[in-house]
Amino acid sequence: MAEPETAAGAPAEPLVRPAPHRWIWYALGGGLPARHRGWVLHDTTTGTWWQRHVARSLVQVAIPIALVMALLPAPWGLRAAVAGGGLALAMLYSLAYMPEATENRVVKAGYPAGTATAVRDRAGLVRQQLESERKRAAAAKRAARYRERSGR
């Protein structure tokens with residue numbers, strides 16, 4: 001697996017995944033020790049960065065939802081409706097501010113603001129270039145096959 005790169009293109013620190021208790025702290029908005037710096041950049045720039053953000057958001061709302069379900073003095077149906085509405089609203093805001101929230105995590109890890117967006121944008125350009133090359137090669141192959149069949 002290739003190591004992630006910083007916005008300047010230099011290799012980043014090694015990926016040191018946090019322990020489960022540190023990851024929960026990280027998901028709740030806390031910072032991680034400096035040795036996890038490279039992993040934080042990877043976490044916010046990998047191809048599944050938005051899915052990881054959604055998972056962190058669900059961890060954040062799990063505590064209030066559990067408290068509502070356990071402590072609200074109402075019938076279970078109303079508790080579930082309140083919890084569902086809170087979950088929907090929380091996810092709406094979480095998704096609306098997803099890029100800003102991930103940038104904040106990268107800044108907490110010690111990278112300059114805009115690093116995660118720059119890395120994701122650069123990776124997107126590389127993917128687009130590879131896709132263009134693949135499509136050009138496929139078009140050339142089809143054209144050669146057509147010329148061969150038609151005798152041109």
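Which residues does Ala 116 touch, not counting residues up to four places away in sequence? That is a handy way into this structure, and point 2 takes it up.

1. **Before you start.** This is a predicted model, in which local features need pLDDT of at least 70 and side-chain atom pairs count only at pLDDT 80 or more, while totals for chains, interfaces and linings use all residues. Residues are numbered from 1 along each chain as its sequence is written, and side-chain values use heavy atoms, with hydrogens and water left out.

2. **Ala 116 and its contacts.** Setting aside residues up to four places away in sequence, Ala 116 touches Leu 41, Thr 44, Thr 45, Glu 103 and Val 106. Contact here means heavy atoms within 4.5 Å.

3. **The largest nonpolar core.** Ala 116 also belongs to the largest nonpolar core, which has nine residues. Its other members are Tyr 26, Leu 32, Trp 39, Val 40, Leu 41, Val 106, Ala 109 and Tyr 111. A nonpolar core is a set of buried Ala, Val, Leu, Ile, Met, Phe, Trp, Tyr and Cys residues joined through side-chain atoms within 4.5 Å. Buried means under 20% relative accessible area, exposed means over 50%, and partly exposed lies in between (1.4 Å probe, protein chains only). Helix 2 gives the most to this core, with three residues. Helices (H or I, at least four residues) and strands (E, at least two) are DSSP runs, numbered from the N terminus. As general background, nonpolar side chains tend to be buried together in soluble globular proteins.

4. **An aromatic pair.** Two of the core residues deserve a second look. The structure holds one aromatic pair: Tyr 26 and Trp 39 meet edge-to-face, 5.3 Å centre to centre with 65° between the planes. Tyr 26 lies in helix 1 and Trp 39 in helix 2, so the pair ties together parts that are 13 residues apart in sequence. Tyr 26 is buried at 2% relative accessibility, and Trp 39 is buried as well, with a relative accessible area of 4%. For the terms, rings of Phe, Tyr and Trp (its six-membered ring) pair if their centres lie within 6.5 Å; planes under 30 degrees apart count as stacked, over 60 as edge-to-face and the rest as tilted.

5. **Charges over rings.** Tyr 26 has another partner: the charged end of Arg 105 sits over its ring, 4.6 Å from the centre. Elsewhere, the charged end of Arg 79 sits over the ring of Trp 76, 4.4 Å from its centre. A charge sits over a ring if NZ of Lys or CZ of Arg is within 6 Å of the ring centre and within 35 degrees of the ring normal.

6. **Helix 5.** Arg 105 is one of the buried residues of helix 5 (residues 98-108), along with Met 98, Thr 102, Glu 103 and Val 106. They cover an arc of only 155° around the axis, which puts them on the same side of helix 5; the arc is that of the directions from the helix axis to the C-beta atoms. What covers these buried residues includes helix 1 (20-27), helix 2 (37-45), helix 3 (49-71), helix 4 (76-96) and helix 6 (115-150). Just after helix 5, Gly 110 takes a positive phi of about 105°.

7. **Salt bridges.** How many salt bridges are there? The count comes to three, where a salt bridge is a side-chain nitrogen of Lys or Arg within 4 Å of a carboxyl oxygen of Asp or Glu. Asp 43, Arg 52 and Arg 56 are linked in a network. Within it, Arg 56 and Asp 43 meet at 2.5 Å, N to O. Arg 56 lies in helix 3 and Asp 43 in helix 2, so the pair ties together parts that are 13 residues apart in sequence. Both Arg 56 and Asp 43 are buried. Arg 52 meets Asp 43 at 2.9 Å, N to O, and Arg 52 is partly exposed, at 24% relative accessible area.

8. **A salt bridge within helix 6.** Arg 134 and Glu 131 form a salt bridge at 2.6 Å, N to O. Being three residues apart in helix 6, Arg 134 and Glu 131 are separated by about one helical turn. Arg 134 is partly exposed, with a relative accessible area of 48%, and Glu 131 is partly exposed at 31%.
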